[in-house]
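Let us take a walk through this structure together. Have the sequence and the 3D view at hand as we go.

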Amino acid sequence: MSNTEALFRPKSIAVVGASRHPGKIGYEVLKNLINYGFKGKIYPVNPKADEILGLKTYPKVSSIPDEVDMIVVSVPAKLVPGVVEDAGKKGVKVAVIITSGFKEIGKVELEREVVETARKHGMRVLGPNIFGIVYTPLRINATFGPQEVIPGSVGFITQSGALGIALMGMTIVEKIGVSTIVSIGNKADIDDADLLQFLEKDESTKVVLIYLEGVTDGKKFMKAAESFSLRKPLIVVKAGKTEAGAKAVASHTGSLAGNVAIYSTLFKESGILEAVNVEQAFDWARAFSYLPPYEDGQLVIVTNGGGAGVLATDVLAENGISLSRPPDSLVNSLKPKLPEFASLKNPIDVTGMISNEGYVDAVIEAIRNDGVGAVLALYCETAVTDPVVIADELINAVKELGGLRKPITVAMIGGEKSYKAVAKLNEAGIPTYPMPERAASSMAALINYRKVRERVERRLKELGRTTNA
Ligand code: ACO
């Protein structure tokens, strides 16, 4: 096992600075680790305690009688070099350093000392200035964030700690399953590129989303990104795009935010899907994690509201996706079932007088049609339909189809019942949003990813470059 791999697959973890007091970071990290169900060995380290949360406690890492793969460090900054030296001598592979008070407040030397001490022993460092790491396949929650993270296939890397913790909570409410959540903070050693190299091959991860403030080694990052995006979609939200934002980045994680235009060009070249904000990034991640990839065939919009169809069409057009007439076979099969004034162009407008069954039937017909490659289903709540019933029927119909073999994104627009329907559909693995633009933008990302991958492939071939793939 490489030392970066030990970050995700440790057999044993020591929490250094495990506190006896609930509410302190070192206590909460240990509690999450135990309660989330890590099956490996857990060792609390604290010279002032004999036992914490029912586990025997050791005064330092080197007093632990067994091998330790990972340490999670939560002692004040000035104690960190000593902890790292002690752990390094013992052969610990990776240190996850939660502690703040390094480069981000100008203590560059202290941070360098930590990294150099670790390197001397061949140990890798995650952080410092982070909230920890989650890896759901092995039930690792070594963070002081929420406990019950939902397992799934989204990998989330965040340079911001507080925002990352908040978004961790959001994934639970929004039912977005994650394979991993990594807080990288100051990136003193392990950086995004190292993580991408691991996650590219990690079978539990289908898509990665990075909240990025700045990169330290641009070339390394771009190389890892292009190799990654040949296999799996890589979504990035770049913060610090304005001059004022860039200044905020410098005092937050001590990174250089860099030039916006340069970033966007490099992102495009290396196949990164750049989201405009965090909401969009998670919208896309949800779609990629639930759905099969887009292969080919037409995208068809089915809507019961003309306006929703127009908004979605705009978003698709802005993303270079044009709609053509639905296949004749679909038009012919839907025509007898729809009101006379329904539109059978694309978007297919089944009209506001459609019933629950009529709407679901039209969506399923579109999914089943061989000429259709993807479906965007838009629903506006009306008094003659019930969004929750529609959600249930759609879930059942998809089950009867044997699951989704082509991509579909859904928008359920309306009041309380529609929000319930959104949650139900998402829980069932059908990516659903409360607004048509969000469903359309996620679909566009999905369709465009295929082109992006092909473009990167072509470019690498032209350059005579090989990848990790
Ligand atoms: N080895 C092991 N344990 C030790 C050692 C040692 N050498 N020395 C002391 N300890 C114990 C302490 O006795 C204490 O345990 P106790 O509470 O049972 O007495 C425990 O380690 C923690 O030490 P404290 O001195 O109490 O430190 P405290 O918990 O107050 O702060 C912390 C440590 C949390 C690392 C702090 O320095 C810090 O950096 N806080 C910010 C962390 C952070 O926000 N990171 C970014 C995350 S992202 C975001 O912004 C949300």
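A good place to begin is the ligand, which sits in the largest pocket. Keep in mind along the way that this is a predicted model.

Which residues come nearest to the ligand? The shell around the ligand holds 24 residues, and S19, R20, K24, I98 and S100 are the ones that come nearest. Sorted by class, this shell has 12 nonpolar residues, nine polar ones and three charged ones.

Now look at some individual atoms. In the side chain of S19, an N or O atom is 2.6 Å from an oxygen atom of the ligand. K24 also has a side-chain atom to look for: a polar one, lying 2.6 Å from an oxygen atom of the ligand. With G17, turn to the backbone instead, where an N or O atom lies 3.5 Å from a nitrogen atom of the ligand. How much of the ligand does the protein bury? The ligand taken alone exposes 1000 Å², and 74% of that is buried by the protein.

With the ligand in place, step back to the protein as a whole. Its domain assignment gives domain 1 as residues 1-126, domain 2 as 149-290 and domain 3 as 295-451. You can find S19, K24 and the other residues named above by their numbers in the sequence.

Finally, turn to domain 2 and domain 3. Their centres, taken over C-alpha atoms, are separated by 29 Å. The two domains also touch: 15 residues of domain 2 are in contact with 14 residues of domain 3.

Notes. Residues are numbered from 1 along each chain as its sequence is written. This is a predicted model: local features need pLDDT of at least 70, side-chain atom pairs count only at pLDDT 80 or more; totals for chains, interfaces and linings use all residues. Side-chain values use heavy atoms; hydrogens and water are left out. A residue is near a molecule or strand if one of its heavy atoms lies within 4 Å of it. A polar contact is a pair of N or O atoms within 3.5 Å; within protein, one must be able to donate a hydrogen and the other to accept it, and residues adjacent in sequence count only if both atoms are side-chain atoms. Accessible areas come from the Shrake-Rupley method with a 1.4 Å probe; for residues, only the protein chains shown count as cover. On a 1 Å grid over the protein atoms alone, a cavity is a set of points where a 1.4 Å probe fits but cannot get out, and a pocket is an open set with protein on both sides within 12 Å along at least five of seven lines; lining residues have an atom within 4 Å of a point. A molecule sits in a cavity or pocket if more than half of its atoms lie within 2 Å of its grid points. Ala, Val, Leu, Ile, Met, Phe, Trp, Tyr, Cys and Pro count as nonpolar, Asp, Glu, Lys and Arg as charged, and the others, Gly among them, as polar. Domain bounds come from an automatic or database domain assignment. Contact means heavy atoms within 4.5 Å.
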